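Colleague: Could you walk me through reading the sheet, the helix packing and the symmetry here?

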There are 4 protein chains.
Amino acid sequence: MIKVGIVGGTGYTGVELLRLLAQHPQAELRVITSRGEAGAAVADMFPSLRGRVGLRFVAPDEAALESCDAVFFATPNGVAMGQVRSLLDAGVRVVDLAADFRLKDPAEWEKWYGMKHAAPEMIPEAVYGLPEVNREQIRSARLVANPGCYPTAVQLGFLPLIESGLVDTEHLIADAKSGVSGAGRKAEVHTLFSEASDNFKAYGVAGHRHLPEIRQGLSAAAGKQVGLVFVPHLTPMVRGIHATLYAQVRQEADFQVLFEARYKAEPFVDVMPFASHPDTRSVRAANTCRIALHRPQGGDTLVVLSVIDNLVKGAAGQAVQNMNIMFGFDECTGLSQIPVLP
Amino acid sequence: MIKVGIVGGTGYTGVELLRLLAQHPQAELRVITSRGEAGAAVADMFPSLRGRVGLRFVAPDEAALESCDAVFFATPNGVAMGQVRSLLDAGVRVVDLAADFRLKDPAEWEKWYGMKHAAPEMIPEAVYGLPEVNREQIRSARLVANPGCYPTAVQLGFLPLIESGLVDTEHLIADAKSGVSGAGRKAEVHTLFSEASDNFKAYGVAGHRHLPEIRQGLSAAAGKQVGLVFVPHLTPMVRGIHATLYAQVRQEADFQVLFEARYKAEPFVDVMPFASHPDTRSVRAANTCRIALHRPQGGDTLVVLSVIDNLVKGAAGQAVQNMNIMFGFDECTGLSQIPVLP
Amino acid sequence: MIKVGIVGGTGYTGVELLRLLAQHPQAELRVITSRGEAGAAVADMFPSLRGRVGLRFVAPDEAALESCDAVFFATPNGVAMGQVRSLLDAGVRVVDLAADFRLKDPAEWEKWYGMKHAAPEMIPEAVYGLPEVNREQIRSARLVANPGCYPTAVQLGFLPLIESGLVDTEHLIADAKSGVSGAGRKAEVHTLFSEASDNFKAYGVAGHRHLPEIRQGLSAAAGKQVGLVFVPHLTPMVRGIHATLYAQVRQEADFQVLFEARYKAEPFVDVMPFASHPDTRSVRAANTCRIALHRPQGGDTLVVLSVIDNLVKGAAGQAVQNMNIMFGFDECTGLSQIPVLP
Amino acid sequence: MIKVGIVGGTGYTGVELLRLLAQHPQAELRVITSRGEAGAAVADMFPSLRGRVGLRFVAPDEAALESCDAVFFATPNGVAMGQVRSLLDAGVRVVDLAADFRLKDPAEWEKWYGMKHAAPEMIPEAVYGLPEVNREQIRSARLVANPGCYPTAVQLGFLPLIESGLVDTEHLIADAKSGVSGAGRKAEVHTLFSEASDNFKAYGVAGHRHLPEIRQGLSAAAGKQVGLVFVPHLTPMVRGIHATLYAQVRQEADFQVLFEARYKAEPFVDVMPFASHPDTRSVRAANTCRIALHRPQGGDTLVVLSVIDNLVKGAAGQAVQNMNIMFGFDECTGLSQIPVLP
């Protein structure tokens, strides 16, 4: 049993962490911070937790985070980088669900996130928390940069192709669709029900912050810089990401076998039968990524469909998976919920 | 560990039973029947169960139901009544999620369900499976009639008032709103996405089959025939029932204390603070009923708000709760999932 | 052709006014104000108006409102009351879509709206703009207080019963359900897509601002103070209000005939056949109120179902209807759009 | 004023035709057929038409279609091809909203639609009703094959690029997302609310019937066979198609100017400013196609976003536009509704 803290628990990744950790047999929730809600009972803000989470929000300054074994940052970008140093010094291991430590190049980070990085010297130590790629480094990591939601779905879908060197890596296309919870719990006009419901649109086509993150991961897998067009869209549902990926085949292979072999040992990646159509609800509220391969009309374009729940495998679930790995628990502990369908 | 079978597993209560039972530590799923899908893998129809449920659908005639300890009927109305006798004779205990054994008066049943009852002689033995009312009888029951979704939400909201004799039982009003999954997984025009989405309507105002069921339960509690107007509505969401209940106060009391006392020992009924507004998502995918009391403008009308997930506390979850009681398990076994929010 | 201005055009009632007025053959849109968006093209904010509305938002201080024949206030509560005087003095006729002049009792208004009324002396002159009640006064009005959305649906549903004196007016119940656009276009957490979607809840049960407005209208019709319980709910759709109304019959009559006679000459009230179930989409984007009567189980409770589009008959459409009456146009001018279904 | 008939008026394209034609000043609705609903009032099935459409459905055999000037087929595929001959012989002009006459190669048609073509000899005469391409032929056409919804959005988005010869036509990608009304009003499980809501998925990746139609149109524009990958998706909204199109630039040009020039004279195509993000609701219930161009990161991939309302510009609206052209009316007659937003 480890002691766990959460910094910033009032957003959707925060409440999802609470849902998962409150059911985790090896983790004891000890502290959760919120500047705005200090003193309030967590279950008053999120009645779904009534009777299950007895904590109150604590002001950040008064939170006994140093006494935790693990601390999750479910904060806006730019918060964790100011607080991680002292936690690590106190022996706490940290999983940052925001973007502060995802990009290895601080200049690139500062360009995309529009602020000065407060702890560039810690970036090298941070391990990018995609277990399917970095499981061994995560085991011993003190600081894990939990991947973004789009990057998780897109990388897991592309990786077998990139690693195998069988496709053109200059012209990768990721057409991704996200549920609205991916935009967070901030009060903003464009994510109001009356704006986002019964509506569909692309956004950020000129450049979304997840683009450099995906490009970094795929380039590492390719051993060279990849070319990627990434078009995110907002779709009127709460949870879920559906990534539709396009790659040109350069060398033939049995791609279905390739994918199945790549993910055979992965507990949270499900390679479906060839030509399946995974739907986002088939992973709703679960830590699973389902992937299916298509070869339309037998042409030279491979289509990969990859779905996750953005709040679970795309955020809080993957964070718990990383915690499990870091602390030597069975990787599936607390993550065995069956998806909620319908 | 008991052996469990499901008759009719292709509807929404069926797949919800599968989700709950596959995670139940004391139940082993042994057989699931479907006439139309015999031979097909359950997880091919419901990909959310991939890797979790390995069963195939079996034709009803070939299903080894008699070797089960418990059998759930997740069938259309009128199926269970033809098969229950032989199962009971074989020593199997049965929970019927359909309506066959809910009404004590066979004539009334035949009027509302439009068919001849095939086993009226078994009706007296059947226990109405609302644990908050009939827990003791459920313990030893061979045949449990699992309540309807509306009846669960409405009865739990009205019961403390009726039992206490403090309100006018001649003019009860239940204005109830249901998510569309309550209509089942049949292909019908009025529940198509393009019909039910971005739309709201009442239906069945002239008389809904759940009316006699609610009336029977409330009349039993009152010790006399109650007068009830029940207006169901269809609201564009998948899961959830919200019952808004109106009763005229005849004698003053501290109604909040009354409700809290009535449900203090109930693990699945949550009486919220006075004047709360429970929302359906606060119980999504969980076996909880949340209730809140209001007294608008201090007048003589009490308003009770009662929410459940129609597929869980309104169907499959309550069925598992009944199974737990019948077999002497802790009542919460396999039902401790935290609601999924957002 | 009259010259028309809109104060506050960036909310949902504003853009709906623009949609209707841009298609109105007798109205010429001359000016639209917005403090925050001054200088911006209206069609840049609302691309649905590209090619149809060429105006730019103008700062309130620079808007030539006095040169208009009619000015609509689509502003938050409390704005119109500060500006109406000078407009009336300049000969402009005003329709206020906010609540400033809806309540006849300034003290009551100040209690419910939590601010001092800036122009109580003008309240007596203001005509409550429900044409089905006040058509003659609207004709000559200089200042029309456009009704709220709930009050429109509830009053039109109750009026024939109240006016006829056939029901108990002490125990009226209005259980109303609104789409989320009724909450406006303000950035707030509780109306985010991820909060309001796939969810249903009551709100404001202790007292909603539309309660005194409805009570005032019904009491006027009754000739005495009525007793009303009003419970509003938020339902996951963009447009539409469904009011389910309950009244106890005191004296028998052919209520269907009563309703049909009451609304025979009304172009925007449709009394459907007895026992119909009007759905909100049947009036989507149109200025119609559809009403149906029920008498469940032949008991003494009448149920009236009343649906409107909250942004049309509940706001902008009714405002245009009032303008038509005020300026002597055919009442249906510019309001003949057929509802959009599905 | 022309006399108009509709064959098959109970689906979504049928009711949308009714909405548009009932408001069309030059068209008089004379007859509407339905085998299943013969005798029923149209407005009983679609209450949105109460007071606006007084017709009753007529059995196909008894319908006086020959006396009409124009007849629309809003029928399943395979119906029009059996009836068109006799109507044309009677001097009636026909617009088929189904697929019977869209493909020029009968063998190709039979392959994709799985039935024998009943009137292959009439295919050459049929004009593909995309006014932006075939306006002149439509003018004098007796038989117009109204385009599919996806084909309209995809072709309008790609055409300027293909016609100009500036992009690689071997590797076109169309990632398209449709609202559920595109699947029609048939009772089917996969389009139930509880299946399609809060969910996103691709479908028909192996080959959708609209693929050959799009390929035919683009190949004609290119003067050679194009290579196209077409991936349709189902998104949880009622109306709207969003096509995200990808093309590799072969020769540089000012593509924004190219698009604006191509569609300058088109009343129903709106080329938005460069790098805009059109949303589907900006064309809801209107006959408009909005298009925006992107050049992500200045790379060699052009991204075109194209949105329509699948029931209007993708079906009934385009059919009325074709009728207007055929009968010499102003092309916008009856099609000037402003989109409904929100």
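Modeller: Let's take those topics in turn, keeping in mind that this is a predicted model.

Colleague: Sheet first, then. In what order do the strands of chain C lie, and how do they pair?

Modeller: Follow the neighbours across the sheet. In chain C the order is β2-β1-β3-β4-β6-β5, an open sheet of six strands with parallel pairing. At the edges sit β2 (27–33) and β5 (127–128) of chain C, each paired on one side only. For a single pairing, look at β1 (residues 2–7) and β3 (residues 70–73) of chain C: four bridges link these parallel strands. C:Val7, for instance, has C:Phe73 as its bridge partner in β3(C).

Colleague: Which strands does α10(C) lie across?

Modeller: β3, β4 (93–96) and β6 (143–145) of chain C, and α10(C) runs at about 160° to β4(C).

Colleague: And at what angle do α6 and α10 of chain C pack?

Modeller: Compare the two axes. Helix α6 (residues 149–164) and helix α10 (residues 312–326) of chain C pack at about 100°, their axes 8 Å apart. That makes α6(C) roughly perpendicular to α10(C). C:Cys149, C:Thr152 and C:Ala153 of α6(C) meet C:Lys313, C:Gly314, C:Ala315 and C:Gln318 of α10(C). By class, that contact has three nonpolar, three polar and one charged residues.

Colleague: Now symmetry. What turn lays chain D on chain A?

Modeller: Check the turn and the shift together. A turn of 180° with a shift of 0.0 Å along the axis does it, at an RMSD of 0.0 Å. That's the relation of a two-fold axis.

Colleague: Which residue of chain D comes closest to the rotation axis?

Modeller: D:Pro236, whose C-alpha is at 3.0 Å. Also, 100% of the interface residues of chain D are interface residues in chain A too, so the copies meet through the same surface.

Technical notes:
Residues numbered from 1 in each chain as written. Chains lettered and ligands numbered in written order. Predicted model: local features only at pLDDT ≥ 70, side-chain atom pairs only at ≥ 80, totals over all residues. Axes fitted to C-alpha atoms, helices over the stretch in contact; angles between N-to-C directions. Helix = DSSP H or I, 4+ residues; strand = E, 2+ residues; numbered from the N terminus. Parallel < 35°, antiparallel > 145°, perpendicular 65-115°, else oblique. Contact = placed C-beta atoms within 7 Å. Nonpolar A, V, L, I, M, F, W, Y, C, P; charged D, E, K, R; others polar. Least-squares fit on C-alpha atoms with pLDDT ≥ 70 in both. Pairing = 2+ DSSP bridges.
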